[in-house]
Amino acid sequence: MKLAYWMYSGPAHIGTLRIASSFKNVHAIMHAPLGDDYFNVMRSMLSRERNFTPVTTSVVDRNVLARGSQEKVVDNITRKDAEEHPDLIVLTPTCTSSILQEDLHNFVERAQLEAKGDVMLADVNHYRYNELQAADRTLQQIVQYYIEKARKKGELPAGKTAKPSVNIIGVSTLGFHNNHDVTELKRLMADLGIEVNTVIPEGASVHELKSMPQAWFNLTPYRELGLTTAKYLEEEFGTPYVDITPMGVVETARCIRKIQQVINAQGAEVDYEDFINEQTLHVSQAAWFSRSIDCQNLTGKKAVVFGDNTHAAALTKILAREMGIHVVWAGTYCKYDADWFREQVSEYCDEVLITDDHGEIGDAIARVEPSAIFGTQMERHVGKRLDIPCGVIAAPIHVQNFPIGYKPFMGYEGTNQITDLIYNSFTLGMEDHLLEIFGGHDTKEVITKGISAESGLNWTKDGQAELNKIPGFVRGKVKRNTEKFARERGFKDISAEVLYAAKESVGA
């Protein structure tokens, strides 16, 4: 097992807990040692939830290891069933407790004999799946469980809704701007005359799931979550799905045209071209801005993009295709879906990087010295060390990525938010320059650490003093060039003399 102090996607049980805690009146029992029970704190702290996170830990301790877990787990399930009266209790182990190789299916069957609500096991391989894969798999299992249950009882609704309708699949707690995206998607569907049948899992009741086959189509805006459920519904009921992320002017239009094709194939007669033109010209400011002098000043500037598949692919296309920005490399940590990502971004960037090693990403950023970074909170930390601005576009996230104000990334309002993010990420780098000219940075300390752990370089007092005199907007680049010069010549200490020699070597 690989140990890491920074992870782009968490272990499998985090994905299962995200799905369970997104539904209304669903409780999760986590069979785990105390060290694995950080989800509750993470969810309540980051997403500013008003209610307690509906997750209980059935603690694995030395007594459990000695006698076995069955009675304790069953007792915890039945106790929570009596106290909370949930519609569903989901049992999940963690990668740690999975080592015990216990028969959790048997635990669930035992608990179901006494519990009034439903009890199910999240059947996920905790050694092969990460957080995103487990969330996708768990959602599909819950949907299938309730559709099969309704079918056995003869309660599965027949036919489709009278008007065109959609299931929006994949909106969950701790998702990047998910709550704002779904509001924008609902507005978009209303403008298109399409009824929203269900939105899952966030805020949905498990009792709504049996009505999902009534929708005309499914929309899965996030590549990481919902696609397995959409494919299941297509195989089982023939419901088509649209998996084009409506992010940016071009992709939003492409998504709407695909929706038009799908519902017209089922008997509707709609034409959304006038709507697309109206929204592109007058609601979205992105198309206008891309022709403005402000955006033209960004043309050809270098950027790097990194994140999950959905957001990294979308931002790469927007930067290169809609704003004329040079994407030096684009990357994703979703290694399990690397082929799709390469196919999406290869023509819009010079290089594609597939890795979940944050150190490799930091070094790749330092190597190309972009004007701006678009990545996760981890890349934001890298940017601070290198003095390169960073716009956060994907999870892993921080509390600041759950804004109280309305900031969707999808739809036509989303195009405005993304344009602001891109523009501000580049232009904010000028603040240091202006403050250097007009004063205000007298006490600013220079960051002297490299990205790689094996840097081993030390800036002397006189060397650091000289570095401080260099204007802030080029200081980071001078620092990196000087350190490269010192490494090549075997210097361990960087004095003012070494700094001057480095400048002379590049003709500065």
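A residue counts as buried when its relative accessible area is under 20%, and in this predicted model 55% of the 508 residues of the protein meet that description.

**Figure 1. Overall view of the predicted model, with its 21 helices and 15 strands.** Taken along the principal axes, the C-alpha atoms of the protein fill a box of roughly 80 × 65 × 40 Å. The radius of gyration is 26 Å, which agrees with the value near 23 Å that a compact globule of 508 residues would have. Among contacts between residues at least 6 apart in sequence, 72% join residues at least 24 apart. The protein exposes about 23,300 Å², and carbon and sulfur atoms supply 50% of that area.

**Figure 2. Close-up of the largest cavity and the residues that line it.** A search of the whole structure finds 1 cavity of 30 Å³ or more, and about 60 Å³ of space lies in the largest cavity. Its lining is made up of G248, A286, S290, I318, E322, M323, T415, I418, T419 and I422, which by class comprise 5 nonpolar, 4 polar and 1 charged residues. At least two lining residues come from each of the helices α11 (286–290), α13 (309–322) and α17 (411–427), and α17 gives the most, with 4 residues.

**Figure 3. Close-up of helix α8, residues 227–237, and the elements that cover its buried residues.** The buried residues of α8 are L227, T229, A230, Y232 and L233. Their cover includes the helix α6 (131–153), together with the strands β5 (165–171), β6 (195–201), β7 (217–219) and β8 (241–242). Following α8 is G238, whose phi is positive, near 75°.

**Figure 4. Close-up of I89 in strand β3, which spans residues 88–93.** I89 has a relative accessible area of 0%, and because the limit for a buried residue is under 20%, I89 counts as buried. When residues up to four places away in sequence are not counted, I89 touches H27, I29, I77, K80, D81, D118, V119 and M120. A wider frame that also takes in A215 would show a residue 126 positions from I89 in sequence and, C-alpha to C-alpha, 27 Å from I89 in space.

Conventions:
Residues numbered from 1 in each chain as written. Predicted model: local features only at pLDDT ≥ 70, side-chain atom pairs only at ≥ 80, totals over all residues. Heavy atoms only, no water. 1 Å grid on protein atoms, 1.4 Å probe; cavity = no way out; pocket = protein on both sides within 12 Å on 5 of 7 lines; lining within 4 Å. Points joined across faces, edges and corners; volume = space filled by probe spheres on them. Nonpolar A, V, L, I, M, F, W, Y, C, P; charged D, E, K, R; others polar. Rg over C-alpha atoms; globule rule 2.2 N^0.38 Å. Buried < 20%, exposed > 50% of the residue type's maximum accessible area, 1.4 Å probe, protein only. Contact = heavy atoms within 4.5 Å. Areas by Shrake-Rupley, 256 points an atom, 1.4 Å probe, with all protein chains shown as cover.
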